[in-house]
Amino acid sequence: MMTIEEIRTGKEGQTFDLKSIQIDPKALAIPIVAMANADGGMLAIGISDKTRKIEGVNQHTAKLNELLRVPFDFCNPTIPVTCRYMECTNDEGNPDRILLMDIPASQFLHTNQADEAYIRVGDKSRKLTFEERMQLMYDKGERSYEDTAVYGATIDDINMDAVAEYAKLVGYSRSPLEYLRENNGFVKTNKKGEEDVSVACILLFGKNPQNFFPRSRTRFIRYEGVDEKVGAEMNVIKDVIFEGTILNQVKKTIEFIETQVREHTFLGQHAQFVTKRDYPEFVIQEMTVNACCHRAYNIKGTEIQIKMFDDRLVFESPGKLPGQVKPNNIRHTHFSRNPKIAAFLKAYHFVKEFGEGFDRICREQEANGANAPSFRTDEFILKITVPKVTENVNVNVAKVNGNGQKVDEKVNEKVNGNDVKVNANRHGLIEKLIEKAISNHDKLTENRITILELMIDNPYISVVELAKAVGISVNSIMRNIDYMRGKYLRRVGPDKGGFWEIIE
């Protein structure tokens, strides 16, 4: 359960937004429609999205009633929004409440009162063109497959322990069976009075999903060389299949691919040893999750295949790019073919943030000197190629074995010799930054200068380590970093594994 402070300071994105109680009802319909057309989400009303001031709703009864009617009066068709309240203290120090609107991902296309269709893209609600709207209507029909009843499946085919674990994770306190009957249409009663079990339910909680979907599995194939050969020249050296629920497949597949990835350690900038992998850890995880999360499960003739060559990884998943997602906009456009499966994996922290995953994949590849992934579709199979990270290692500078134990004497001499140079360079660089701030009528406080000095000394220093060294909170460190980002410093690579770079 989120606290009021977590909501107030939360990052607005694909599935979360703040809105002032003063918002016009017609304007509120836009993010509601956009979220329903995408992955669903939550609106927190009574907190200004511009100032983050807690306004509350108790003193605005008439306005509140207008906003509660928006899903009915300004959305077509009506969106089944769930409304709840959270107790808080407003910015004037008085007891108050904020309104939380939980918006489900819908199998229908929704528009506002003006018959305009929107979809959520990151923290924006983007209006669709006629062509995009038509394409979304088509994909809405396809994505509903996860809600289809599985012929012959019954309650006995569901692993209730798995349901109980997930229900506990999302804060549901009643029985596992009640959770299935009350949430996400996992179990529904049909016109005959019988209980139907959905595709998503079997794939996520089934005792043996492959009894119903034999090819709902993930296959890893490793080839020797850069070509896929057959017959007498067949060059397969690994061929492993992972079955079970989607969660089990994701975990086991990622674990196995990690055993196939090589690491290379060398002396990098600032006289510090750097370890580079063939493929960044986040890229492997996100690509595997995307394959399992977004495949078209109505295509039953083949499985997900992940092929490793000497120079690339290829992820082959049944189904084309969904909705308005295209190779040229995939970095900043998100659409879930299977939103219930996506929400499930997000609860287990395999989906980090809707709409950010692929952009981060590209950034991680680029930060490590490799090209971004490329796409092509063969018939009904989407193929995404991830190039191997290019090694830019000068073997004459450092020779390090697989365990990082043997280092040339010349390297040790270079590291020791750099100690004095680093201190001198730090002082000169800080002076330049202060002069830059003065010329721009900007202000570098003592804490900000200390943060920059620490980053110069150790570009890989974490936010927690910075907070401890400076003697202020992590939140204060983040505020100072956000202020200086783009002006005095930038982050190269991911939060985990990247480093700080000073902008002179």
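## Exercises on a predicted model

Of the 504 residues in the protein, 47% are buried. The model is predicted.

**Exercise 1. Overall make-up**

Task: State how many helices and strands the protein has, and what share of the exposed area carbon and sulfur atoms supply.

Solution:
- Step 1. The secondary structure comprises 16 helices and 20 strands.
- Step 2. The exposed area is about 25600 Å². Carbon and sulfur atoms supply 48% of that area.
- Step 3. Turn to contacts between residues at least 6 apart in sequence. Of these, 63% join residues at least 24 apart.

**Exercise 2. A helix pair**

Task: Describe how the axes of α9 and α11 cross, and which residues make the contact.

Solution:
- Step 1. Two packed helices are described by the angle and the distance between their axes.
- Step 2. Helix α9 spans residues 246–260, and helix α11 spans residues 339–347. Their axes come within 11 Å and cross at roughly 55 degrees.
- Step 3. Roughly parallel needs an angle under 35 degrees, and roughly perpendicular needs 65 to 115. The crossing therefore makes α9 oblique to α11.
- Step 4. The crossing of α9 past α11 is right-handed.
- Step 5. From α9 come I246, L247 and V250; from α11 come I341, F344 and L345.
- Step 6. Sort the contact by class: six nonpolar residues, no polar and no charged ones.

**Exercise 3. Cover on α11**

Task: Which residues of α11 are buried?

Solution:
- Step 1. The cut-off for buried is under 20% relative accessible area.
- Step 2. Seven of the nine residues in α11 are buried, so the helix is mostly covered.
- Step 3. The buried residues are P339, K340, I341, A342, F344, L345 and A347.

**Exercise 4. Positive phi**

Task: Are D115 and H349 buried, partly exposed or exposed, and what is phi for D115 and H349?

Solution:
- Step 1. D115 lies in the loop between β6 (111–112) and β7 (118–121). Its phi is near 60 degrees.
- Step 2. D115 has a relative accessible area of 44%, so D115 is partly exposed.
- Step 3. H349 lies in the loop between α11 and α12 (357–367). Its phi is positive, about 65 degrees, although H349 is not a glycine.
- Step 4. The relative accessible area of H349 is 57%, so H349 is exposed.

**Exercise 5. Two more loops**

Task: Where does S198 lie, and which peptide bond is cis at P77?

Solution:
- Step 1. S198 sits in the loop between β10 (195–197) and α8 (199–205).
- Step 2. With a relative accessible area of 3%, S198 is buried.
- Step 3. Leave aside neighbours within four places in sequence. S198 then contacts E146, D147, T148, A149, V150, G185 and F186.
- Step 4. P77 is in the loop between β3 (75–76) and β4 (82–89). The bond from N76 to P77 is cis, with omega near -10 degrees.

Definitions and conventions:
Residues are numbered from 1 along each chain as its sequence is written. This is a predicted model: local features need pLDDT of at least 70, side-chain atom pairs count only at pLDDT 80 or more; totals for chains, interfaces and linings use all residues. Side-chain values use heavy atoms; hydrogens and water are left out. Helices (H or I, at least four residues) and strands (E, at least two) are DSSP runs, numbered from the N terminus. Buried means under 20% relative accessible area, exposed over 50%, partly exposed in between (1.4 Å probe, protein chains only). Contact means heavy atoms within 4.5 Å. Accessible areas come from the Shrake-Rupley method with a 1.4 Å probe; for residues, only the protein chains shown count as cover. Axes are lines fitted to C-alpha atoms, for helices over the stretch in contact, and angles run from 0 to 180 degrees between N-to-C directions. Angles under 35 degrees count as roughly parallel, over 145 as roughly antiparallel, 65 to 115 as roughly perpendicular and the rest as oblique. A crossing is left-handed if the near helix is turned anticlockwise from the far one by less than a right angle, and right-handed if clockwise. Ala, Val, Leu, Ile, Met, Phe, Trp, Tyr, Cys and Pro count as nonpolar, Asp, Glu, Lys and Arg as charged, and the others, Gly among them, as polar.
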